[in-house]
Structure formats: structure tokens, C-alpha cells
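Trainee: Could we go through this model together? I would like to practise reasoning from the coordinates.

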Amino acid sequence: MVESNVTCWQGFVFLGFSSFGELQLLLFVLFLSLYLVTITSNVFIIIVIRLDSHLHTPMYLFLSFLSFSETCYTLGIIPRMLSGLVMGGQAISFMGCATQMFFSASWACTNCFLLSVMGFDRYVAICAPLHYASRMNPTVCAQLVGTSFLSGYLFGLGMTLVIFRLSFCSSHEIQHFFCDTPPVLSLTCGDTRLSELGILILSLLVLLVSFFLISVSYAYILVAILRIPSAEGRRKAFSTCASHLTVVVIHYGCASFMYLRPKASYSLERDQLIAVTYTVATPLLNPIVYSLRNRAVQTALRNAFRGSLLGKR
């Protein structure tokens, strides 16, 4: 089936934001600024957690891997989008499109699994604090991180194979800025119901199962917090979860809207604008939320900044 695809044409063309006309230059400046801030802040979070011994805990280990995953996700999408805003419609080969879809889907799925792991970490920390060190030991943490990345790659591979086993007989112009599932699926012809069902099942497994695990963790956390006698104790316990909850709500809200719906409800122009949210804004959200709401990260960032200033002197 793949061979028939390649014989139709050798690739696709991104239309991106070509319909925005002169506004593309403004969008380029805006997205470039957000991209640079995203990369810089995520890399800075990773470095600070690595260098500050006070942050050598499972919670911040998982946060550093989430920042790493978000960084890789944006690296595979945003540079080509920025190039398209300056140079217009860009061609991408058939294999190039499949590769981009594989990595973008893999990193997106990995983010979901890492968020689930972070929810489990908060559950153990609040509901079983006396056993936290033994249950979240380095071996367990490494296994959780490794499983998250391996599962992400497997689901990303599955989604890519489901799409690229189809025949592409429509226009080769992708009304999008990267090879995402909905716009590429819209270019296929023939009976796509089986592939749509496959994508829906894979999306359900990733989004709903991981979100269910997070929900169960927070159900136990809520019960544990309500049992704390003092209001100050309840506030302090909940504050350790606030940053994670904020990221979860926005991440799963955007992803569920994009992938848990039938092909008939796709609106490519609207979906392209929504895709900007989870490819540009959401990766930036992670370091902003954790740096603004987490005192330990704030303290580490201040110490790192002061150290750099002293080093210059």
C-alpha cells in the first residue's frame, strides 16, 4: 500500500499561514519570540534542576524530562513553520512527512505519560509520605521515565502507520504548518473508516487512560488533603499540586479537542489556529507555570541568576 502512495507523488506542500497575507511577517516575529522563550526557559529549567542539589527529587526529575520532551516536540515543528512564514509554501517529502508525524506524535504521547507519572508522584508524596523515599527510589523513577518514553514511541509509530498505509489521491497541499494527523488524513481517499477508528482507539488509549490515572491519583490526593486538620496544612499540600494540575487541564483540553472527534468535524483553518496553542503556547506553559507557582524552582532560579551575575563580576 505504501508503494502506491509514493507513485502518486513524492511529497506534500505546506500551505501554513499563506491565507494571512501580509500578517505572516507579524506572525513570524511573534512565533519566533515565543519559540526562543520556550526553548530557553525549558533548557534553563533542565540545567537548574541538574545543578541545584535541592531539586534532586523525583518530582523535579520528572519535570526536567517533561521539559526535555517539550523541547524536542517544538524542535521538530516550529523551525519549519517559521521558515514557511518567511519563504511561503514549503515542500516536504513523503518520508519526511511520515518522520515528522512519528516524532511529533511520539513526543506528544510521551508528554501525556509523563504527566501521569507526575500525578502518581504527587499521590505517593501526599498519601504515603512515610513511604515516599522507598516507593519512589531511583530505580522506580528510571523505570517510570523509560516506560513513558517507550510507550510514547510505540503509540507514535502506531498512529503514523495507520495514516501512511492509506492512499493519497487528493490534493497534495496540506492546509497546516506540520504533518499532523487531521490535515494529512483529509488528503486520503477511499474507505478511511478503519484508519479513523484506529486513530481514535490509539488517541483514547493515550489521552483517556493517562487522564484516568491522573484523575484517580488526584481523587486520593483530595481525600487525603481534606483529612488534614489545619487550613494551612491543606493549602500547603494542595499548592504542591497546583502547577501540575494547571498544565494537565490545558494540555488535555487541547489534545482531546483535536484528536477525540470524527473526521467529519474537522475544520482545517480552525484546527490550524488551535494547533498553535499546543505547539507554541503549551510548551511555553510548562516552565512559566512551574517557575511562577513553585517556590523551590523560584529559589533555584534566583540562585542561578545571582551566581551568573557574581561570575561576571
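Trainee: Which residues make the nonpolar surface patch of about 1100 Å²?

Mentor: Happy to start there, and keep in mind that this is a predicted model. One member, Ile201, sits in helix H9, which covers residues 193–226. The patch of about 1100 Å² is made by Leu194, Leu197, Leu200, Ile201, Leu204, Leu205, Leu208, Val209, Phe212, Leu213, Val216 and Tyr220.

Trainee: Is Ile201 buried, partly exposed or exposed?

Mentor: Let's use the cut-offs: buried means under 20% relative accessible area and exposed means over 50%, with partly exposed in between. Ile201 has a relative accessible area of 41%. Ile201 therefore counts as partly exposed.

Trainee: Now to the helix packing. Are H3 and H5 roughly parallel or roughly antiparallel?

Mentor: Good one. Helix H3 spans residues 58–75 and helix H5 spans residues 94–127; their axes lie 9 Å apart, at an angle of about 165°. Angles over 145 degrees count as roughly antiparallel. So H3 is, relative to H5, roughly antiparallel.

Trainee: And is the crossing of H3 and H7 left-handed or right-handed?

Mentor: Let's build up to that. The axes of H3 and helix H7 (residues 138–164) come within 11 Å and cross at roughly 20°, which makes the two helices roughly parallel. For H3 and H5 the crossing is left-handed. For H3 and H7 the crossing is right-handed.

Trainee: How far apart in space are Pro58 and Cys141, C-alpha to C-alpha?

Mentor: Pro58 belongs to helix H3, and it is buried, with a relative accessible area of 13%. In sequence, Pro58 and Cys141 are 83 residues apart. In space, C-alpha to C-alpha, the separation is 6.7 Å.

Trainee: Let's turn to charges. Which residue forms a salt bridge with Asp121?

Mentor: Side chains of opposite charge can pair when their charged atoms come close. The count of salt bridges here comes to two. In the one with Asp121, the closest N and O atoms are 2.9 Å apart, and both residues are buried. The partner of Asp121 is Arg122.

Trainee: What separates Glu232 and Arg235 along helix H10, in helical turns?

Mentor: These two also form a salt bridge, with the closest N and O atoms 2.7 Å apart. Arg235 is partly exposed, at 42% relative accessibility. Glu232 and Arg235 are three residues apart in helix H10 (residues 231–259), so their separation is about one helical turn.

How values were computed: Residues are numbered from 1 along each chain as its sequence is written. This is a predicted model: local features need pLDDT of at least 70, side-chain atom pairs count only at pLDDT 80 or more; totals for chains, interfaces and linings use all residues. Side-chain values use heavy atoms; hydrogens and water are left out. Patches are made of residues with over 30% relative accessible area and no salt bridge: like charges are joined within 9 Å, nonpolar side chains (Val, Leu, Ile, Met, Phe, Trp, Tyr) within 5 Å. Accessible areas come from the Shrake-Rupley method with a 1.4 Å probe; for residues, only the protein chains shown count as cover. A salt bridge is a side-chain nitrogen of Lys or Arg within 4 Å of a carboxyl oxygen of Asp or Glu. Helices (H or I, at least four residues) and strands (E, at least two) are DSSP runs, numbered from the N terminus. Buried means under 20% relative accessible area, exposed over 50%, partly exposed in between (1.4 Å probe, protein chains only). Axes are lines fitted to C-alpha atoms, for helices over the stretch in contact, and angles run from 0 to 180 degrees between N-to-C directions. Angles under 35 degrees count as roughly parallel, over 145 as roughly antiparallel, 65 to 115 as roughly perpendicular and the rest as oblique. A crossing is left-handed if the near helix is turned anticlockwise from the far one by less than a right angle, and right-handed if clockwise.
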